Amino acid sequence: MVHLADGVLLLAIKRLNGERSERSLYHVLNGKRSATTLQDAFFYELEPLFGQFPQTAYSYESVLKQLEKRGWLDRKRFRLTEAGELLASPESVEQLFKRLGGERRDYNATTWKRLSLFVQTFMSKEHARTFYPVQADRSAEQWVKQLLHLNRDWKALMRTFHQEIEQALEQIGDPFATAVVYRFTGAFETGLTYEQIASLLHVDAETARLYFLAGWNELLMVLPDDAKLRGFTYGLSTDRMTYSARESYELFLKGYTFQQVQAKRRLRTSTIEDHVVEMAMYLEVFPLEQFVPLEDVVTIEELRHPDSWALKPVFEKMGRVSYFQIRLVFARLKRGESFV
């Protein structure tokens, strides 16, 4: 049987266009915060999946073997077969893929841990019931404990939370709303497993998990800015730039040169280069000509194949530019800029 979750993974492989390896996708699925993986996710439009398919090496190998066995994947080229292309193409696959929220990094997951544990804790205390925390996360537990120590009318706030969730769920609709609702644990009801939700929705467990991720991401997206539930996002950020790159960026903003930033941070040249590439990827405005002469920027754009983000062909044709400079130009091209 073909599942929607299979289509999502096949679409990820399709987007890599045979230009990256099996290992590259493995790191994207696990959300590895390395420069190479962040760039793969950015250039090949895999950010919604970033960190949303945690895999062991063994489980990942099993998945790829199954895709190959079913005739959907050519592992030698790491490209889809004709049958695989068909399964990756439906609009339902595309829609689920882009809703998964991996581009928001840990924002969604941490907010869910806080809220779901708060609901369970509050409801259990209201009914004087002992419970095992639904989230085995020390930071979330500490956050909820501190929250409940505040002097608030929690009963009134819980009613507000409930109303806000209901209104948001109405906007996102099923099957996403159902997947979110049944994951909550209260005083008397335990949140359903993905297998149980799958049974309700008549899908497989992995697709049910993706419905939940997409639903929760959408719920946070549609919440009004003044919603009380926004309090559970306190201190969190949807910033895609890594913390280390952000530190380098702050120094650049203060007027430090590349060499001064490197000296102050005591990092290798390649590491600061990776930070600059992150800036080119994520910042609305980036001073590209400070790093690449305009004539080279134009040449790089002209040499890039419109369906490819491979660096090597451009590097070999130009010779006088570095991979670092090509990555910077590619980052701005990916953001929709043009210099020709």
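Which helices each supply at least two residues of the lining of the second largest pocket? I should like to build up to that question, and I shall begin with the chain as a whole. Please keep in mind throughout that this is a predicted model.

The chain has 340 residues, of which 48% count as buried. Its secondary structure consists of 18 helices and two strands. If we follow the C-alpha trace along its principal axes, the chain spans about 70 × 55 × 35 Å. I would also draw your attention to the contacts between residues at least 6 apart in sequence: 67% of them join residues at least 24 apart.

Let us now return to the opening question. The helices are α7 and α12, each of which supplies at least two residues of that lining. The larger contribution to note is that of α12, which gives the most, with five residues. The second largest pocket itself has a volume of about 430 Å³. It is lined by 22 residues, and those closest to its centre are Gly51, Gln52, Ala109, Arg209 and Leu213. Sorted by class, this lining comprises nine nonpolar, seven polar and six charged residues.

Helix α12 deserves a moment of its own. It runs over residues 205–222, and its 18 residues should span 26 Å at 1.5 Å a residue; the C-alpha atoms at its ends are 26 Å apart, so the expectation and the model agree. The helix is mostly covered, with 13 of its 18 residues buried. At its N-terminal end, aspartate 204 acts as a cap: a side-chain oxygen of aspartate 204 lies 3.3 Å from the backbone nitrogen of glutamate 206.

I turn next to the largest pocket, whose volume is about 530 Å³. Nineteen is the number to remember here, since the lining has 19 residues, with Val119, His162, Ile165, Val181 and Phe184 nearest the centre. Helices α7 (107–126) and α9 (154–172) each supply at least two residues of this lining. The largest share, eight residues, comes from α9. By class, the lining of the largest pocket has ten nonpolar, five polar and four charged residues. Helix α7 therefore appears in the account of both pockets.Within α7 we find serine 124. Is this residue buried or exposed? Serine 124 has a relative accessible area of 1%, and because buried means under 20%, it counts as buried. A polar atom of its side chain lies 2.8 Å from the backbone oxygen of glutamine 120. Beyond its neighbours within four places in sequence, serine 124 is in contact with Arg129, Phe131, Gly186 and Ala187.

My final residue is glutamate 47, which is placed in the loop between α3 (35–43) and α4 (57–69). Glutamate 47 has 9% relative accessibility and so counts as buried. Which residues does glutamate 47 touch, not counting those up to four places away in sequence? They are Ala41, Phe42, Gly102, Glu103, Arg105, Arg240 and Tyr282. Glutamate 47 and serine 308 offer a last example of sequence set beside space: they are 261 residues apart in sequence, and 17 Å apart from C-alpha to C-alpha.

Thank you for your attention.

Terms used
Residues numbered from 1 in each chain as written. Predicted model: local features only at pLDDT ≥ 70, side-chain atom pairs only at ≥ 80, totals over all residues. Heavy atoms only, no water. Helix = DSSP H or I, 4+ residues; strand = E, 2+ residues; numbered from the N terminus. Expected span 1.5 Å × (residues − 1). Buried < 20%, exposed > 50% of the residue type's maximum accessible area, 1.4 Å probe, protein only. Polar contact = N/O pair within 3.5 Å; in protein donor to acceptor, adjacent residues only side chain to side chain. 1 Å grid on protein atoms, 1.4 Å probe; cavity = no way out; pocket = protein on both sides within 12 Å on 5 of 7 lines; lining within 4 Å. Points joined across faces, edges and corners; volume = space filled by probe spheres on them. Nonpolar A, V, L, I, M, F, W, Y, C, P; charged D, E, K, R; others polar. Contact = heavy atoms within 4.5 Å.
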